[in-house]
Amino acid sequence: MRILVLLTDAYGGHGGIAAYNRDVLEALAGSGSTAVVALPRIASQPAGAVPEGVDFDLSATGGGARYVRALLKHLRRGRFDLVYCAHVNLSPLAWLAAKWAGCHWMLAIYGIEAWAPKSRRLVRMSSSRPDHVVSISDVTLQRFLAFSGVAPAQTSLLPNAVHLEAFGIGQPDQEMARRLDVVGRKVILTFGRLASEERAKGFDEVIGILPRLITQVPQLVYVIAGTGPDRGRLEARVSALGLEEHVRFTGYVAEDEKADLYRLADVFALPSKGEGFGFVLLEAMACGVPVIASKVDGGREAVRDGMLGRIVDPDNPDELAKAILDALSEPQRIPPGLEYFAFPNFAARVRQLVASVAGSAQKLEV
């Protein structure tokens with residue numbers, strides 16, 4: 001089987017969608033009988049190791065014209081059995097590519113990018129015409145179905161994966177603890193993009209209750225991990241509340257430092273309002289850290305409706321404060337059931353789904 005993948009970023013990218021795309025590509029390449037051509041729009045960092053069987057064509061980066069040229073080049077070189085579109089904004093190109101190739105196409109959706117109709121008419125039109133839609137969460141899928149016109153029978157859920165072998169319970173990295181000045185402190189951690197246009201990760205909600213938490217746990221510190229344009233506003237709010245001694249901003253965190261960062265935490269809190277899923281919750285749980293997710297977005301699906309971690313209403317500060325204080329007294333443990341999200345299970349789901357949508361008679365080994 002040959003699959004054409006149109007995506008924003010994967011190898012050489014960072015963030016949740018890039019990580020999801022890498023997992024999809026690795027799953028497809030791991031079947032041993034699938035050839036993948038992947039066209040990224042951007043690669044902000046070196047691509048690094050790309051799985052065998054994936055042609056990750058960086059000539060597609062650098063602007064719309066370059067992307068279209070790379071797409072036409074591959075369409076002219078040979079047939080494809082399926083077009084996989086990894087972002088709704090690329091759906092016009094995916095729709096046209098599938099027509100050219102005479103094959104089915106599928107659209108992947110994640111979170112707020114698919115929660116409301118797009119302003120661009122061509123994107124609205126084409127995103128209603130895939131042969132199949134795959135969503136990382138039911139909350140995203142239901143919001144998309146409400147306006148898209150796609151039939152529910154043409155959809156599937158495919159939640160994020162976690163690479164359990166890359167995490168695990170371990171001793172905190174003392175050098176990192178000293179660098180962040182959290183040695184001997186109780187740590188609440190939130191990890192995510194500091195996005196000024198969304199403000200949906202829950203940073204403000206935790207900052208808002210921090211004064212009352214400190215009265216009960218004076219050594220408490222809140223670590224805000226990630227980068228984004230909203231950092232200045234958050235720092236100003238922390239300063240206005242006199243919380244500089246109790247809040248740390250890490251800035252960008254490299255992939256190979258993530259496990260050490262999670263292991264510094266006593267609680268991972270993501271009281272968000274706009275998460276499509278919240279894969280960072282999986283990573284924190286894989287390090288044995290108690291987690292708090294939101295009742296109002298895809299975070300509750302990452303903790304399987306409370307089976308793996310606490311869920312709270314992010315607009316209820318009393319509920320959030322109690323959940324954090326209760327979680328601070330919990331021992332570290334990897335919750336039973338987290339293996340549901342383990343990468344081998346994710347890979348099997350990807351291969352079965354792709355084979356089904358492509359209409360292939362080939363039996364893929366899963």
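**Packing, pocket and charge pairs in a predicted model**

The buried residues of helix H3 pack against five elements, namely strand S1 (2–7), helix H2 (64–77), strand S4 (82–85), strand S5 (104–109) and helix H4 (121–126). Contact here means heavy atoms within 4.5 Å, and buried means under 20% relative accessible area, with exposed being over 50% and partly exposed in between (1.4 Å probe, protein chains only). Helices (H or I, at least four residues) and strands (E, at least two) are DSSP runs numbered from the N terminus. The structure is a predicted model, in which local features need pLDDT of at least 70 and side-chain atom pairs count only at pLDDT 80 or more, while totals for chains, interfaces and linings use all residues. Residues are numbered from 1 along each chain as its sequence is written, and side-chain values use heavy atoms, with hydrogens and water left out.

Helix H3 itself spans residues 91–101, and its buried positions are Ser91, Pro92, Ala94, Trp95, Ala97 and Ala98. After H3 comes Gly102, which has a positive phi near 65 degrees.

A second buried site is found in strand S6 (residues 132–135), where Val134 is located. The relative accessible area of Val134 is 1%, so this residue counts as buried. Apart from neighbours within four places in sequence, Val134 is in contact with Tyr20, Tyr84, Met106, Leu107, Ala108, Ile109, Ser156, Leu158 and Leu353. Thr155 is 21 residues from Val134 in sequence, and the C-alpha to C-alpha distance between the two is 5.7 Å.

Gly12 offers another buried position, this time in the loop between S1 and H1, with a relative accessible area of 8%. Not counting residues up to four places away in sequence, Gly12 touches Ala43, Ser44, Gln45, Pro46 and Ala47. Gly12 and Gly64, by comparison, are 52 residues apart in sequence and 18 Å apart in space, C-alpha to C-alpha.

Turning to open space, the largest pocket has a volume of about 1,300 Å³. Its lining comprises 47 residues, and those nearest the centre are His14, Gly15, Gly16, Ile17 and Arg193. Helix H1 (16–29) and helix H10 (279–286) are the elements that give two or more residues to this lining, and H1 supplies the largest share, 6 residues. On a 1 Å grid over the protein atoms alone, a pocket is an open set of points where a 1.4 Å probe fits, with protein on both sides within 12 Å along at least five of seven lines, and lining residues have an atom within 4 Å of a point. Grid points are joined across faces, edges and corners, and a volume is the space filled by probe spheres set on the points.

The whole structure holds 23 salt bridges, each being a side-chain nitrogen of Lys or Arg within 4 Å of a carboxyl oxygen of Asp or Glu. One of them pairs the side chains of Asp57 and Lys73 (2.9 Å, N to O). Asp57 lies in the loop between strand S3 (54–56) and H2, and Lys73 in helix H2, so this pair ties together parts that are 16 residues apart in sequence. Asp57 is buried at 9% relative accessibility, whereas Lys73 is partly exposed at 28%.

Arg179 and Glu175 also meet in a salt bridge (2.9 Å, N to O). Both residues belong to helix H6 (residues 174–179) and are 4 residues apart, about one turn of the helix. Arg179 is partly exposed at 47% relative accessibility, and Glu175 is likewise partly exposed, at 42%. Elsewhere, Asp181, Arg185, Glu245 and Arg248 are linked in a network of salt bridges.

Lys273 and Asp315 form a further salt bridge, with the closest N and O atoms 2.6 Å apart. This pair links distant parts of the chain, 42 residues apart: Lys273 is in the loop between strand S11 (267–269) and H10, and Asp315 in the loop between strand S13 (310–312) and helix H12 (317–328). Lys273 is partly exposed, with a relative accessible area of 34%, while Asp315 is exposed at 55%.

Lys273 is also among the contacts of Asp297, together with Trp115, Val139, Ser272, Gly274 and Glu275, leaving aside neighbours within four places in sequence. Asp297 sits in the loop between strand S12 (291–294) and helix H11 (299–302). This residue is buried yet has no salt bridge, and the nearest side chain of opposite charge, Arg143, is 7.6 Å away. For charge, Lys and Arg count as positive and Asp and Glu as negative, with His and the chain ends not counted. The side chain of Asp297 does make a polar contact of 2.7 Å with that of Ser272. A polar contact is a pair of N or O atoms within 3.5 Å; within protein, one must be able to donate a hydrogen and the other to accept it, and residues adjacent in sequence count only if both atoms are side-chain atoms.
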